[in-house]
Amino acid sequence: MLKPLVVASSLIIVSGCDNNLTAQQTEHVVKPAQLSAFEQYSHQANNLLNNIRAKKDAASLEAESAELVTLSQALLKELIVKYPQCTEYLDALSEVATVLATLPLAEINSGYHGDGKLPEFDEPVCYHGKDLLVHSATVQASARLGLVEQHAYQNAELDIIEGIAHFEQVERAFNN
């Protein structure tokens with residue numbers, strides 16, 4: 001009689017210990033390390049690229065690209081600190097950053113991809129920094145429209161690929 005009671009008690013104790021260990025392990029895994037703005041941008045841009053390729057729904061892609069626009073704004077602020085010669089150019093973009101994705105795609109392309117609404121710049125890194133935000137906002141605008149055209153996902157994919165290429169240039173400029 002005592003032996004089954006000891007075995008049952010041991011199982012309950014071991015089971016309780018096992019659950020605590022699992023909870024501690026899960027808590028440790030769930031807490032992400034603090035990422036820099038550069039790491040966050042890279043991670044978010046690559047996630048967005050993968051989700052575009054997987055043809056996720058337009059609403060989730062719009063939300064993801066909006067997060068990328070926000071991260072871009074933070075990186076532009078850091079870029080201005082390191083490259084003050086970009087201030088006028090990037091400040092002009094920052095003024096429209098929150099409404100950029102609501103503009104018609106043609107206006108985004110002519111005014112911001114093509115720099116028609118931005119002042120002159122001297123440093124190439126200014127241009128690369130600008131395109132972090134503009135390509136993200138272009139995807140956001142396309143997703144807001146629903147990505148209904150057959151080639152819309154392909155265009156969104158190309159925009160993010162180009163944005164990632166510009167990001168690599170900005171990152172390189174920061175590391176010099």
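Tyr83 is buried in this predicted model, with a relative accessible area of 14%. Because that value falls under the 20% limit for burial, Tyr83 counts as buried even though its place in the chain is a loop, the one between helix 3 and helix 4. A look at its surroundings helps to fill in the picture. Leaving aside neighbours within four places in sequence, Tyr83 is in contact with Glu123, Val125 and Ala173. The C-alpha atom of Tyr83 is also 9.4 Å from that of Phe174, although 91 residues separate the two along the chain.

The loop that holds Tyr83 belongs to a chain with seven helices and zero strands, so the reading along the sequence is simply α-α-α-α-α-α-α, given that helices and strands are numbered from the N terminus. Of the 176 residues in the chain, 39% are buried. Contacts that span long stretches of sequence are well represented here: among those between residues at least 6 apart, 75% join residues at least 24 apart. The accessible surface of the chain comes to about 10300 Å², and carbon and sulfur atoms account for 56% of that area.

Turning to the interior, the largest nonpolar core has 48 residues, and Leu93 and Leu100 are those with the most contacts inside it. Six helices each supply at least two residues of this core: helix 2 (37-53), helix 3 (58-82), helix 4 (87-96), helix 5 (105-113), helix 6 (124-144) and helix 7 (152-175). For Leu93, the partners beyond four places in sequence are Leu76, Leu100, Tyr112, Leu118, Lys130, Leu133 and Val134.

One of those partners, Lys130, deserves a closer look. Lys130 lies in helix 6 and counts as buried because its relative accessibility is 0%. Once neighbours up to four places away are set aside, Lys130 is in contact with Leu76, Tyr89, Leu90, Leu93, Tyr112, His113, Asp115 and Leu118. Leu76, Tyr112 and Leu118 are thus names to find in the list for Leu93 and again in the list for Lys130. As for Asp91, its C-alpha atom is 9.9 Å from that of Lys130, with the two positions 39 residues apart in sequence.

A second buried side chain to visit is His166, found in helix 7. Its relative accessibility is 7%, which is why His166 counts as buried. Among residues more than four places away in sequence, His166 touches Tyr127, His128, Asp131, Leu132 and His135.

Finally, there is open space to consider. Rolling a probe the size of a water molecule over the atoms shows where empty space is left. The largest pocket has a volume of about 230 Å³, and helix 5, helix 6 and helix 7 are the elements that give two or more residues to its lining. Helix 7 gives the most, with three residues. The full lining consists of Leu105, Asn109, Thr138, Ser142, Leu145, Leu147, Val148, Glu149, His151, Ala152, Asn155 and Asp159. Sorted by class, this lining has five nonpolar, five polar and two charged residues.

Methods: Residues are numbered from 1 along each chain as its sequence is written. This is a predicted model: local features need pLDDT of at least 70, side-chain atom pairs count only at pLDDT 80 or more; totals for chains, interfaces and linings use all residues. Side-chain values use heavy atoms; hydrogens and water are left out. A nonpolar core is a set of buried Ala, Val, Leu, Ile, Met, Phe, Trp, Tyr and Cys residues joined through side-chain atoms within 4.5 Å. Buried means under 20% relative accessible area, exposed over 50%, partly exposed in between (1.4 Å probe, protein chains only). Helices (H or I, at least four residues) and strands (E, at least two) are DSSP runs, numbered from the N terminus. Contact means heavy atoms within 4.5 Å. On a 1 Å grid over the protein atoms alone, a cavity is a set of points where a 1.4 Å probe fits but cannot get out, and a pocket is an open set with protein on both sides within 12 Å along at least five of seven lines; lining residues have an atom within 4 Å of a point. Grid points are joined across faces, edges and corners, and a volume is the space filled by probe spheres set on the points. Ala, Val, Leu, Ile, Met, Phe, Trp, Tyr, Cys and Pro count as nonpolar, Asp, Glu, Lys and Arg as charged, and the others, Gly among them, as polar. Accessible areas come from the Shrake-Rupley method with a 1.4 Å probe; for residues, only the protein chains shown count as cover.
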